[in-house]
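Reader: I would like a close look at one part of this model, namely how its helices pack against one another. Please take me through the contacts step by step, and finish with any empty space inside.

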Amino acid sequence: MLHPCVLSAVLVAALSATACKREAAPAAPAAPTAPTPSTAATPPPSAPPAATAPAERVFAQEELDQMVAPIALYPDSLLTQVLMAATYPGNVADAVAWSKAHPDAQGDAAVKLVADQPWDPSVQSLVAFPQVMSTLAQDPGWVQRLGDAFLAQPSDVMDAVQRLRRAAQAAGNLQTSEQQKVTVVPAQAAPAAAPVVVEGGTAPPPAPTQIIQIEPANPEVVYVPSYNPTTVYGTWPYPSYPPAYYPPSPAWYPGSALAAGLAFGTGVAVADALWGDWDWHGGDVDIDINRYNNINVNRRIDASQNVWRHNAEFRGDVPYRDARSREQFGQQRLPGADQRQAFRGNDAAHQASRERARQEMQRRGFEAPAATNRQAQERARDAGRDLRDRPGGLDARTGQAGAGVQRDASRERARETAQARTHQAAQHDASRERARETAQARGQHTQAGAHRDAGPRTTRANAQARDQARAQHLQHAPAASPRREEHAAQRPTHDASRNNAFAGAGHPQQARAQLDRGQASHQMAQRPASARSTGLPVQRPAHHGGGGRRRG
């Protein structure tokens, strides 16, 4: 049996050893170890390399083919210069205006004339070719889209150029001539690049196995081809995306109305204007340093700048189309945007205050404001439907339903009274119209004035009444002389004919006779005085009336 002191010492030693093991266990992995080169260069398996991230594809294949069709058959160096310049659409517009103002400027001499202009050197080099400037002037929107495509998808743009060149060669419209040299070379394996995808679209076509190169037959003389894209490539494979045709200027292509094939106008002598060329195997633009420095004396570059890079300083205010270009060339947000948002009350404190106010309104029974225009329209439609469904219609309000009903009854009575008056007026007009038709059927005319419905019948009745009154007066009056009796006998006829202005209107023969007599009298009055003096004497009928002198 162990002594108690010895037993206590053994237990304390055992507990101490256990505690030491527990404390040393987590510290063991922290011991420093020297990394090997292989482990230091190997990235963690959970972090994929950045090169495998898919890039944004702005334009589809059919859009790219449609876009590059007007220039795909240009010589490689000129085509590359056009694509570089298109990334500065504002500079191109200024260069087009300058070229129009100087129609005789071309070649290296024209490029030196614009050396002081605030344009990118790629744009300055294009003034050497007035034919190209005339084409770019016809569609500024196409120029901007072409530059955006070249910035976002340079390899896809050049693949579209190769597709179109193969189509033109298959159609028999692309071959070596006195102006150009067409060469077919095998394509080399391009360096690994990020896959380009389109949301909801198809995968891009595989890379071509052959490259068609176009070079000037004489390196110092460049001929700009003119052609119709709708026919030079044979049957166009995208009916929904037809290529645009920009007719050439007759000054440079006299009589070149083409149905198919290529036409070449006057060649342009250049030595240093074309200093860029597309590297079909490397996938970028190579710069000839010597040519560049010879033509751009004020903007010389060194040997390390032999690859073209887009310069955002010459872009101006023209925005970039895709997000990658905006991030790469520094057009994410305008400076001071955060301060402007805070000034408009869009900071966090104001948003929290508005949210508290909205919650308080909902707690008190107020409906939250509409979040969209459609929601506001639906609420207005529901409110109008509720008002129409209330007793009394739209005029009924809380506590005023009786007043709304009374107003509706008053409106109904007023409407019925107006309808009755309208009906009576219509009947009166119908009666008047029937009376007028009856009078016209009897050969009578209505008389203007207040009594427009009174006709010859009323006038004749009035004349008969006057004659009866006169006859009664003569019966009671003393006997008159024979002359007066004769005058009295003839007077009724004279009065009737005088008072009845429409007498004889129903007899066309009498009216025609009166008209003939009037015309004859007018003709007699127009005769000269000599003719009237020798005429026959006029016999006038004796007038028996009261015109004679009385004898006492």
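Author: A term has to be settled before the helices are described: a crossing is called right-handed if the near helix is turned clockwise from the far one by less than a right angle, and left-handed if anticlockwise. Keep in mind that this is a predicted model.

Start with helix α3, which covers residues 61-68, and helix α10, which covers residues 154-170. They pack at an angle of about 70°, and their axes are 9 Å apart. Angles from 65 to 115 degrees count as roughly perpendicular, so α3 is roughly perpendicular to α10. In the sense just defined, the crossing of these two helices is right-handed. On the α3 side, the contact is made by Gln61, Leu64, Asp65 and Val68. On the α10 side, Asp156, Val157, Ala160, Val161, Arg163 and Leu164 take part. Sorted by class, the residues of this contact of α3 with α10 are six nonpolar, one polar and three charged.

Helix α10 also packs against α4, at an angle of about 140° and with the axes 13 Å apart. That angle lies outside the perpendicular range and is not over 145, the limit for roughly antiparallel, so α4 and α10 are oblique to each other. Here too the crossing is right-handed. From α4, the residues Asp76, Leu79 and Leu83 meet Val157, Met158, Val161 and Arg165 of α10. This contact of α4 with α10 has five nonpolar, no polar and two charged residues. Two residues of α10 serve twice: Val157 and Val161 belong to the contact with α3 and also to the contact with α4.

Helix α4, residues 76-86, has a further partner in helix α9, residues 140-152. Their axes come within 7 Å and cross at roughly 100°, so α4 and α9 are roughly perpendicular to each other. Val82, Leu83, Met84 and Ala86 of α4 meet Val143, Leu146, Gly147 and Phe150 of α9. The contact of α4 with α9 consists of seven nonpolar residues and one polar residue, with no charged ones. Leu83 is one of the α4 residues that meet α9, and Leu83 also meets α10.

That leaves the empty space. Searching the whole structure gives one cavity of 30 Å³ or more. The largest cavity has a volume of about 160 Å³. Its lining has 17 residues, and those closest to the centre are Tyr74, Thr135, Pro225, Ser226 and Tyr246. Both α8 (130-136) and β6 (225-226) supply at least two residues of that lining, and α8 gives the largest share, three residues. The lining of the largest cavity is made up of 12 nonpolar and five polar residues, with no charged residues.

How values were computed
Residues numbered from 1 in each chain as written. Predicted model: local features only at pLDDT ≥ 70, side-chain atom pairs only at ≥ 80, totals over all residues. Heavy atoms only, no water. 1 Å grid on protein atoms, 1.4 Å probe; cavity = no way out; pocket = protein on both sides within 12 Å on 5 of 7 lines; lining within 4 Å. Points joined across faces, edges and corners; volume = space filled by probe spheres on them. Helix = DSSP H or I, 4+ residues; strand = E, 2+ residues; numbered from the N terminus. Nonpolar A, V, L, I, M, F, W, Y, C, P; charged D, E, K, R; others polar. Axes fitted to C-alpha atoms, helices over the stretch in contact; angles between N-to-C directions. Parallel < 35°, antiparallel > 145°, perpendicular 65-115°, else oblique. Contact = heavy atoms within 4.5 Å.
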